[in-house]
Amino acid sequence: MLSLHAARRPVQAKSGKRKSPAKTPAPTTARVGLAIAGGGPIGAMYELGALRALDDALEGIDLTRMDCYVGVSSGAFLAAGLVNRMSTTEMCRIFITGDSDDVRFRPETFLRPAILEYARRASALPRLTMEWWSSLLNPRDSRLSDLMQRFGGLVPAGLFDNSEIERFLREIFSRRGRSNDFRQLDRELYVVAVDLDSGEAVRFGAGEWKDIPISKAVQASAALPGLYPPVEVRGRHYVDGALRRTMHASVLLERGIDLLIGINPLVPFDSTRVDSDAGRRGDVDPHRIWQGGLPAVMSQTFRTLLQSRMQVGLAKYAQQYPGIDQLIFEPNSNDGEMFFTNAFSFYNRRRVCQLGYRNTLQDLRNRAESLRPVLEAHGIRLRDEVLNDKHRTVLSNLGKAPPRSTETTARLRRALDETEHLIERRKRS
C-alpha cells in the first residue's frame, strides 16, 4: 500500500524547467531522505524486499547515497548498512541467500537467552524473601498488591541478549572501509531510541550523541521492551525508538529535503477485507484474530497504534512541509501472510522478503501515472521494463556470488566504486 502526499506546489528542477515525461530525467540537486521504521526481524526482511524493489524499479537514485537517513529499531540496521555502502544486493546475500563473501549470518545469535539478566534478577531473591517474611509480621504491609510489586523485580527486563546485536554490527561496520562512527560518514544518519527514565526520544548521530558508536545506537533503538533489556548509554537506559513515533520522519523533513521515501512494515490486519475478497473459497475465517489468543490480540493492538499515530503524523507533515513530496510504502492491510508470520522469527525471511518486493513493485505499477511527474521532478524515472515483468523476484539480477576477497581487495573495490561514482556524477553535471 503506497501513500503519496504530493507537494502542493510543483517541484521544479534547479534549472527551472520541467522535465519531459518522454525523456530520461537529468540529475538534479534535489535532496532525498529515507526513513525506515521498525518491525522486528520479520519487519526488517519485509523492508529489505521493499528496498530491493525500489533499487530495481527506480532509475536516477542510489539507495546507498541518499542525502540523509533515519532508522528506528530493526530499520536502523538497514539504514546504517545503506549509509555504509552496503547495497540491497549485498544485504540479500547476507540475510536471504547466505552466500555473502563478507558476513556469515546466524539467526540463533540474536535469540540467545539473556543469562546475565536472569542471574542478576535472581540474585535479588534472598533479599526480597527476607523483606516478605518481615512484612508478614505487620499485616498492614502484607497486601497482595505490595507482594506482587516487590517480587515483580525478579522478572527479567528482556528475554534475549542484545549484546550479540551490538557485537555483530560492530564487526560489520569496522571493516572493508565502513565506519562505526557517525562522524566519519559522508551522509547524515540518525538512529532514534527512547530514554526509559524520561520517555524522551534521543537522536543518535545528532548533536552531543554523534560520538556514540553506530552499533550501540542500533542496539538501543532495537531494544523492544520484553524482548530485549534496555541498553545503557552514558548511565541512562534506552529502549525501542518506536515507543515515541513510528518512523520519526520529521527528523528528515526538518533537514530541508525535497523528497521523503518511507517504509513501515507493520499495519493492522483487516480480516473483513480478506473475507470479502477470498472468503468465497471458504478458507478464511474473518474472526480468527481473537481466536489467536493474546499474542494475536496484542499484535493487532500494537500495529493499530503504530499506524494510526503515523497517519496523524503524515497528515500534519503535509501541512507543515507543503513543498516536500512524501512516498510511504506499507504492506496491504488484507495480507494475512504478513500478519500471521511470527514477527520475531528469521526462518521465513525469504518468503517475507519476496512479499515486500512484490507488494512494492505492485504499488509502483498501480500508481505509475501519478508517480511519474512527482519522481521526474527529482530526476528519478520509473523503469517500465521492471514494472512490466510479472515474474521478477527479489533475487532476480542478483547475479553469481562474488569470489572470496580479502580486506585489501574489498577496500580496493570500494575505492574504485567511489571513483567511478565521482566520474559519472561529473559527466552528468
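Colleague: What makes E188 and R31 a salt bridge?

Modeller: In this predicted model, the closest N and O atoms of E188 and R31 are 3.4 Å apart. The rule asks for a side-chain nitrogen of Lys or Arg within 4 Å of a carboxyl oxygen of Asp or Glu, so the pair qualifies.

Colleague: Which parts of the chain does that pair tie together?

Modeller: E188 sits in strand β5 and R31 in the loop between β1 and β2, so the bridge joins parts 157 residues apart in sequence.

Colleague: Why is E188 called partly exposed?

Modeller: Its relative accessible area is 22%. Buried means under 20% and exposed over 50%, so E188 falls in between. R31, at 24%, is partly exposed too.

Colleague: And G241, buried or exposed?

Modeller: Buried, because its relative accessibility is 0% and the cut-off is under 20%. G241 lies in the loop between β8 and α9. Beyond its neighbours within four places in sequence, G241 contacts V72, V192, A193, V194, S221 and H248.

Colleague: How do you know how helices α2 and α3 are oriented to each other?

Modeller: They pack at an angle of about 130°, with their axes 10 Å apart. Angles over 145 degrees count as roughly antiparallel and 65 to 115 as roughly perpendicular, with the rest outside the roughly parallel range called oblique. α2 and α3 are therefore oblique to each other.

Colleague: Which residues make that contact?

Modeller: F77, L78 and L82 of α2 meet T88, M91 and F95 of α3. By class, that gives 5 nonpolar, 1 polar and no charged residues.

Notes. Residues are numbered from 1 along each chain as its sequence is written. This is a predicted model: local features need pLDDT of at least 70, side-chain atom pairs count only at pLDDT 80 or more; totals for chains, interfaces and linings use all residues. Side-chain values use heavy atoms; hydrogens and water are left out. Axes are lines fitted to C-alpha atoms, for helices over the stretch in contact, and angles run from 0 to 180 degrees between N-to-C directions. Helices (H or I, at least four residues) and strands (E, at least two) are DSSP runs, numbered from the N terminus. Angles under 35 degrees count as roughly parallel, over 145 as roughly antiparallel, 65 to 115 as roughly perpendicular and the rest as oblique. Contact means heavy atoms within 4.5 Å. Ala, Val, Leu, Ile, Met, Phe, Trp, Tyr, Cys and Pro count as nonpolar, Asp, Glu, Lys and Arg as charged, and the others, Gly among them, as polar. Buried means under 20% relative accessible area, exposed over 50%, partly exposed in between (1.4 Å probe, protein chains only).
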